[in-house]
Amino acid sequence: KNVREAQQAQNRIFEDSKVPNDKKVFEYYKKKADEDGCPSSKYMLGYFYDVGIGTEFDANETYRMFSEAAAAGNVDALYRQGLCVIRGTGTARDRAKGFEMLKDAYAKGSVSAGCEMGRCYEHGIGVEKNSAEALKIYSKMADQGISIGQYNLGRCYMDGIGTPKEPVFAHSWFSVAAANGCISGEYGLARCYMGGVGVDRDKDKGLKMLEAAAEKGETDAMIMLAQLYSKGSIVKKNAGTAGNWYRKAATMGDPYAEFIAAEMYANGDGIKADPAKAVQYYERAAEHGHMVACHNLGVMLLSGNGIKKDEARGFALCGRSAEDGYMKSQFVLADCYAKGKGTKKNFEKALELHQALGEKGYGKSQLFVAECFMEGRGVKANDKKAFECFLKGAENDNVICQYYTGYCYANGKGTKAAA
């Protein structure tokens, strides 16, 4: 009834126990899937490929296994297939299509799909943002006695999602969820005690509850602990302990934790630098939909820096983060169109993207557009427009734009000459 809780328990077994051997468990399910075509075995294989249990992380196999299990009627596999489509895990990203798959899975009884639908409504992923609709889904689940729904309803009252903040209600629903065995509910209670939400503030009690939830497999609790150890707030600053908690959350497939782990390995932050592991975690985070990871991995693939060069895939990954509004990726796409990297050369498209970025105040694009107007590249030469773009870039602290703004003033190009 609660797939997420079962997976948390399963991960604890694989994390803490030498028996059963991860690879043997993987091979058992693979044999069942290959010989019997068992849908639940294929679901488990998809999950193992997704987090790298008994095998290497493999986004393509993740999607294939979930898809085959879903086609055979496994409702939770349909949920995971929809999540893959939303994130672009092993398949083309299509958030609207993925949301409809979640909707179908929820209608067929998948609790996890309902929670993910709520999250989509909260953030406007694949559907128009509607916090009230998210609240409605969580409320229905809570009324049905579904513990993860009770937790999410408590979160809505704590953070003001679709409703005014109600600290007492938040604490109450977290308590009900925790009493019903929901680890996320324990995490919610930890937040209440640490922040004095709906209950008297008690940092020590909150910290103990947070640590307990993290030990039981709650990734949000792991990440919060990691952040506390990184900042040295409440607990003594310890980069190594912070790193350990981030990596634990990353091994359980949390996209944010995977991205942070990649950054740590890339920069040697609290851990010995390891470029190969950095790439592995960037791969996982990007395939799980993390925006900045898509950008970073895309740039690496375009340049061949630390990874085999693949301009087409690099362009596609930067396209995902650009679609999410990440301006650095939008700039990279514009540059790719201008140079024909990973895509067909299209200077008109490049200029269009640079102009849009320039309007948003992106200095490098303001420089590009200014140079186009000055030199007549792709547009009719226009000193006045060139000066205006240089000036905007200068005001955004672009050093080259500042130089050319001075040049224009000195030579009366596009503006009145200044002494």
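This is a chat about three helix pairs and a cavity in a predicted model.

Q: Let's start with α19 and α20. At what angle do they pack?
A: About 155 degrees, with the axes 7 Å apart. Helix α19 covers residues 327-339 and helix α20 covers residues 347-359.

Q: Which way do they run relative to each other, roughly parallel or roughly antiparallel?
A: Roughly antiparallel, because the angle of about 155 degrees is over the 145 cut-off.

Q: And which residues make the contact?
A: From α19 you have M327, Q330, F331, L333, A334, D335, Y337 and A338. From α20, the contact residues are F347, K349, A350, L353, H354 and L357.

Q: What's the mix by class there?
A: The contact of α19 with α20 has 10 nonpolar residues, plus 2 polar and 2 charged.

Q: Is that crossing left-handed or right-handed?
A: Left-handed for α19 and α20.

Q: OK, switching to α15 and α16. How far apart are their axes?
A: They're 8 Å apart, and the helices pack at about 160 degrees. That angle makes α15 roughly antiparallel to α16. For finding them, α15 is residues 255-267 and α16 is residues 275-287.

Q: What handedness does the crossing of α15 and α16 have?
A: α15 passes α16 in a left-handed crossing.

Q: Which side chains should I click on for that one?
A: On α15, pick P255, E258, F259, A261, A262, E263, Y265 and A266. They meet P275, K277, A278, Y281, Y282, R284 and A285 in α16. By class, the α15 and α16 contact has 11 nonpolar and 4 charged residues, with no polar ones.

Q: What about α11 and α13, how do their axes cross?
A: At roughly 35 degrees, coming within 10 Å. Helix α11 is residues 183-195 and helix α13 is residues 219-231. The crossing of α11 and α13 is left-handed.

Q: Who's touching whom?
A: Y187, R191 and M194 of α11 make the contact with D220, A221, M224 and L228 of α13. Those residues split into 5 nonpolar and 2 charged, with no polar ones.

Q: New topic: how many cavities of 30 Å³ or more turn up?
A: A search of the whole structure finds 1. The largest cavity has a volume of about 40 Å³.

Q: What lines the largest cavity?
A: D50, F66, R80, L83, C84, R87, T89 and H288. The largest share of that lining, 4 residues, comes from helix α5, residues 75-87.

Q: And the classes in that lining?
A: It divides into 3 nonpolar, 2 polar and 3 charged residues.

Notes
Residues numbered from 1 in each chain as written. Predicted model: local features only at pLDDT ≥ 70, side-chain atom pairs only at ≥ 80, totals over all residues. Heavy atoms only, no water. Axes fitted to C-alpha atoms, helices over the stretch in contact; angles between N-to-C directions. Helix = DSSP H or I, 4+ residues; strand = E, 2+ residues; numbered from the N terminus. Left-handed = near helix turned anticlockwise from the far one by under 90°. Contact = heavy atoms within 4.5 Å. Nonpolar A, V, L, I, M, F, W, Y, C, P; charged D, E, K, R; others polar. 1 Å grid on protein atoms, 1.4 Å probe; cavity = no way out; pocket = protein on both sides within 12 Å on 5 of 7 lines; lining within 4 Å. Points joined across faces, edges and corners; volume = space filled by probe spheres on them. Parallel < 35°, antiparallel > 145°, perpendicular 65-115°, else oblique.
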